[in-house]
Amino acid sequence: MSIFRLSVITSIFLAANFCASSAQANTKVIHAGELLSVPGEKSQQKQTVVIENGKIVSVSAGFLPASRFGDDAQLIDLSTSFVMPGLMDMHVHLQGELGPDNKKELVEMSDADVAMRSVYFANKTLMAGFTTVRDVGSQSEQMYALRKGVANGWVNGPRIIAGAGVTITGGHLDVDGMSPDLLTIKTPPTVCDGAVECRKKTRYAIKYGADLIKVASTGGVLSDTTTGTGQQMEDDELKAIVKTAHGLGRKVASHAHAAQGINAALRAGVDSIEHGSYTDEEGIKLFKETGAYLVPTLLAGDTVVNMAKNSDFMSAPIKAKATRVGGDMLNNFTKAYKAGVKIAFGTDSGVSKHGINAKEAVLMYEAGMSTSDILKSATVNAADLIDMSQSLGTIEPGKFADIIALDSSPLSDISALMDVDFVMKEGVIFKQQ
C-alpha cells in the first residue's frame with residue numbers, strides 16, 4: 001500500500017472518529033419556552049432539558065445555564081417555542097406515492113431506484129417532525145436496508161419499524177391490474193392460502209427480517225379489482241398468522257375496512273386495525289376487550305376521495321371504492337373515538353404525499369378528537385403500540401432525545417403541527433430554523 005493511500009485512509013478514519021466522538025461527547029441543553037414532556041398531561045413553561053449521548057438525562061424548571069452541565073455543553077435556544085416529543089406515524093409506505101405513473105414505475109424502476117426514492121421520502125418524513133414510523137408494506141429487502149441505513153446513520157430518516165405483508169391469492173397486498181406475465185413476476189413471496197401455508201409464510205417473513213406482520217383481512221380500495229372491501233381472509237388463516245407471529249415475538253396489524261373483516265381480525269388477536277372504516281358496535285366491543293389499537297389513516301381517505309373527484313387516472317373499480325370508503329371513514333372514526341377505542345396515529349402516507357403527515361391531525365380534530373388526545377396518539381400511544389414506551393413517546397430521563405419544536409402550541413391550534421421548525425432524533429439535530 002502506498003504511503004499516500006495509507007495517509008488518506010488514516011485521515012478519513014481519524015476524521016470520522018473525531019466527528020462521531022464529538023457528536024457523542026457534546027452535552028446539549030434545551031431551553032424550552034413551553035414543554036409538553038408527557039402528551040396527555042399539562043405542558044410546563046420555561047423548562048430545561050439536558051441531553052447526553054442521545055438520551056435525556058434531566059428535565060428541570062427554569063432556564064438553567066448550559067455551563068452548569070459542562071464547558072462544552074451546547075445551548076439550544078427554544079425559549080420562544082413549543083417543545084414536545086418527536087411525532088410517530090404508525091402507517092406509512094416509504095417507497096412510493098400514489099399517482100398516475102404508478103404502473104409505469106412498477107415496470108421501469110429498478111430495485112435500486114425504489115431504494116433511492118425511499119431515502120428521499122424518509123428524509124421528507126423526518127423533516128416534517130416524524131422521528132419514528134412503522135412502514136407496513138414495501139419491497140422488503142429494500143426497506144430492511146433503509147431501516148439499517150437509518151439506524152447506522154448512513155442516511156437521514158425516521159426510525160423504521162418495517163413490516164411484511166401476508167395475504168391470500170388475489171387479496172389486497174397481492175398484485176393485480178396487469179398482464180399475467182407481470183402478475184407472475186410481481187406476486188409477493190408471502191401470498192398464502194389456508195392456515196398451514198399462511199403459518200409458513202409468516203415464519204418466512206419473520207426469518208427474512210420483518211419487525212411486524214401485516215395481514216389484509218378485507219379487500220382494499222387501491223386493489224385494481226372488483227372484489228370489494230369485504231372480508232377476504234378466512235378466520236382460520238387469520239388465527240394461524242397471529243398465533244405464529246406472536247409466538248415469534250412479532251405483532252400483527254390488519255388492514256381492514258368492512259365490519260366483518262375488522263371483527264374477525266380482532267377475534268384472531270391482532271394488535272392493531274388499520275383504517276377500520278366500517279367499525280360497528282361489535283367491533284368497538286372487541287377493540288376494548290382485546291386492547292387493540294385503531295390506526296385510522298383519515299388522510300388516506302381524504303386523499304383518495306379528492307383524487308377520485310379531481311383526476312382521471314384511477315380505474316373504475318378503484319374510483320368507486322375510493323368515493324364510497326373514503327367518504328365514510330370520518331364518521332366511523334368519530335364513533336370509535338367517542339366510544340373509548342385506543343387510537344394510534346397513522347396516515348397511510350404513500351397514498352398521500354410524504355411530508356404532510358401532520359394533516360392527519362387536522363382531520364382527526366375535525367372528526368371530534370381533542371388536541372391533547374391527538375398529540376398523545378402520535379407519541380405515547382404510538383410508542384406503546386410498537387413496545388417502545390421505555391425509550392420513546394415522552395421527554396423524560398432515560399429516553400431517547402427525540403424532540404421537535406414549533407412556533408406555536410398545537411394544543412391551541414392543531415394545524416401548528418404542519419410547520420415543524422426543529423427536529424432532533426437521538427440527540428442529533430436534523431433541522432433547526
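User: Which residues of helix α9 are buried?
Analyst: This is a predicted model, in which local features need pLDDT of at least 70 and side-chain atom pairs count only at pLDDT 80 or more, while totals for chains, interfaces and linings use all residues. Residues are numbered from 1 along each chain as its sequence is written, and side-chain values use heavy atoms, with hydrogens and water left out. Helix α9 (a DSSP run of H or I, at least four residues) spans residues 281-290. Its buried residues (under 20% relative accessible area, 1.4 Å probe, protein chains only) are Gly-283, Ile-284, Leu-286 and Phe-287.

User: Why do these buried residues lie on the same side of α9?
Analyst: Let's look down the axis, using the directions from it to the C-beta atoms. The four residues are on the same side of α9 because they cover an arc of only 165°.

User: And which residues are exposed on the other side of α9?
Analyst: Turn the helix away from Gly-283, Ile-284, Leu-286 and Phe-287, which are buried. The exposed residues there (over 50%) are Glu-281, Lys-285 and Glu-289.

User: What do the buried residues of α9 pack against?
Analyst: Packing here rests on contact, heavy atoms within 4.5 Å. Strands are DSSP runs of E, at least two residues, and two of them, β10 (272-275) and β11 (293-295), are among the partners. With the helices included, the buried residues of α9 pack against α8 (259-268), β10, β11 and α11 (316-338).

User: Which residue follows α9, with a positive phi?
Analyst: Helix α9 covers residues 281-290. Just after α9, with phi near 80°, comes Gly-291.
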